[in-house]
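Okay, everyone, thanks for coming. Let me put the structure up, and then I'll walk you through it.

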Amino acid sequence: MGKLSDNLNTGEASTRLSRRKFLTGTSGAAVSLSILRPELIRGSQANSKISLGLLGCGGRGTWIADLFRKHGGYEIAAAMDYFPDRVNAFGEKFNLPPTRRYTGLMGYRRLLESKVDAVAIESPPYFHPGQAAAAVDAGVHVYLAKPIGVDVPACRSIEASARKAAEKKLAYLIDFQTRTDPFFQEAVRRVQAGDIGRIINGEATYIAGSPWLRHLEELKLNPADPERRLRGWGMSRALSGDIITEQNIHSIDVMTWILDQHPLRALGTGGLKSRNLGDCWDHFSVIFWFAEDVIVSFSSKQYGTGWDDILCRMYGTTGTVDTHYAGEVSIKGATPYAGGRDGTLYTTGAVRNIATFYDDITRGRFEHPTVPPAVRSNLTTILGRRAAYKLAEVSWDEMLRSEERFDPALTGLKE
Ligand SMILES: NC(=O)c1ccc[n+]([C@@H]2O[C@H](COP(=O)([O-])OP(=O)(O)OC[C@H]3O[C@@H](n4cnc5c(N)ncnc54)[C@H](O)[C@@H]3O)[C@@H](O)[C@H]2O)c1
């Protein structure tokens, strides 16, 4: 893999770049951030807003920027996307002058050199670790979309940059919506207190259609074009991590949350049948083994229509916990929990995370509780993926040792 890819994925070079700039004082904007931040934390600028830069101005980035704006404590100050059409549409919507719009693979560095207090990273997953590491190096708070990264080194990079963020007193939040939901929280608390007895086995599923059909048509016109590939990143293993990491992580995260552990091994299969472009699969079936031989059967699909669900259900000796991202959360059995549903969790979860991020910054809370579970569930998706690709049993330790890195093939893209 090329040097550029290494740097973009793990942020190794950006560390050196920004440190040099701090030391030599060639980036006045970066230095001013370190002055501004403690004032925000102490609350001595109670009326000042947190200036926010968006990295990735696609569907989620544009949508979530509006939630940041509605919060009232943020000002959308800058934006970056690889593609000019994306960042310009965003810039028009949020009244950003052309000087605060950045493009190209390295646009995030130019954005970080301008004056922002925080970034929301909503780019394709391959870029998350490098962009998060560069932000921390520049003294900027990090709000990061799931999944944190596509491979084991990426997860390690996120752990390292979050550690560094804690040392530098920077906020760092990974945006999973289910973890903010009172019904999910209460159900998990009750299960972990023993309300369904001893868990024997369970199931986790992510059943959906394809969000990539529009990009599929564009990619078909010239599959070798790197820009078409980048627009349709969700069909690329290297850019997305495949559907099990990029999308299915929502149900796998609940699985590891309920059991509060990572699996010890996995055996899987799957494939790609619904289209003949891209190398991401469109269905997975994986068996995860946890401690004491608790077995969870996972399955997913990303094609077709007719049924959507993000489910995690665990069967215990005295009851069953049943959770659905967009539906009911409940416990049935000897000690039932009626639970309930937040039909708008997609929005309310992000709204809560945005509020927590603001409070973390302004109240000086830098423990980053969202990071360890996000690393664990991300690695769990990688374990399942590796087992499925190999059509063989893979242990957690073997997956960690593999240090497998995906090659994003960025040649031909603009810096
Ligand atoms: N419920 C959720 O938590 C949720 C929902 C949707 C998406 N997401 C996550 O948000 C992220 C973005 O997804 P999306 O649906 O907005 O995809 P999208 O394709 O709509 O947007 C991604 C944007 O990133 C841009 N981009 C490409 N390379 C870039 C780079 N190097 N740096 C910055 N931007 C770059 C693309 O041009 C595009 O505009 C993904 O990590 C995805 O998993 C999370």
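Let's start at the ligand: there are 26 residues around it, and the ones that come nearest are Gly56, Gly58, Gly59, Arg60 and Ser123. For a residue to be near a molecule here, its C-beta atom, placed from the backbone, has to lie within 6 Å of it. Before I go on, this is a predicted model, so local features need pLDDT of at least 70 and side-chain atom pairs count only at pLDDT 80 or more, while totals for chains, interfaces and linings use all residues. Residues are numbered from 1 along each chain as its sequence is written.

What kinds of residues make up that shell, by class? We get 13 nonpolar, 6 polar and 7 charged. In that count, Ala, Val, Leu, Ile, Met, Phe, Trp, Tyr, Cys and Pro are nonpolar, Asp, Glu, Lys and Arg are charged, and the others, Gly among them, are polar. Helix H4, residues 59-71, gives the most to the shell, with 3 residues. Helices and strands, by the way, are DSSP runs numbered from the N terminus, H or I of at least four residues for a helix and E of at least two for a strand.

And where does the ligand sit relative to the domains? Domain 1 (3-177) and domain 2 (179-356 + 375-402) both give residues to the shell, so the ligand lies between them. Those bounds come from an automatic or database domain assignment.

Now zoom out. In total, the protein has 17 helices and 15 strands.

On to the sheets. One is an open sheet of 6 strands, in the order E3-E2-E1-E4-E5-E6, with parallel pairing; two strands pair if DSSP finds at least two bridges between them. Strand E3 (101-102) and strand E6 (172-175) are at the edges with a single partner strand each, so one side of each has no neighbour in the sheet. Inside the sheet, strand E4 (residues 118-121) and strand E5 (residues 141-145) run parallel and are joined by 4 bridges. One bridge pairs valine 119 with valine 142 in E5. Our friend H4 turns up again here: H4 packs on this sheet, touching strand E1 (50-55), strand E2 (74-80), E4 and E5, and its direction makes about 160° with that of E2. Touching means contact, that is, C-beta atoms placed from the backbone within 7 Å. For angles, axes are lines fitted to C-alpha atoms, for helices over the stretch in contact, and values run from 0 to 180 degrees between N-to-C directions.

Just before E4, look at serine 114, in the loop between helix H6 (107-113) and E4. Is serine 114 buried or exposed? It's partly exposed, because 19 other C-beta atoms lie within 10 Å, where 20 or more would make it buried and 12 or fewer exposed.

The other sheet is open too, with 9 strands in the order E14-E13-E12-E11-E7-E10-E9-E8-E15 and mixed pairing. Strand E14 (337-341) and strand E15 (393-395) are its edge strands, pairing on one side only. You can see the mix at E7: strand E7 (residues 199-208) runs parallel to strand E10 (residues 295-302) over 8 bridges, while E7 and E11 pair in the antiparallel sense, also over 8 bridges. Asparagine 201, for instance, has isoleucine 295 as its bridge partner in E10, and threonine 205 has leucine 311 in E11.

Last stop, helix H14 (residues 249-259): it lies across E7, E10, E11 and E12, at about 25° to E11. That's my tour, thanks!

Note on methods:
Two residues are in contact if their C-beta atoms, placed from the backbone, lie within 7 Å.
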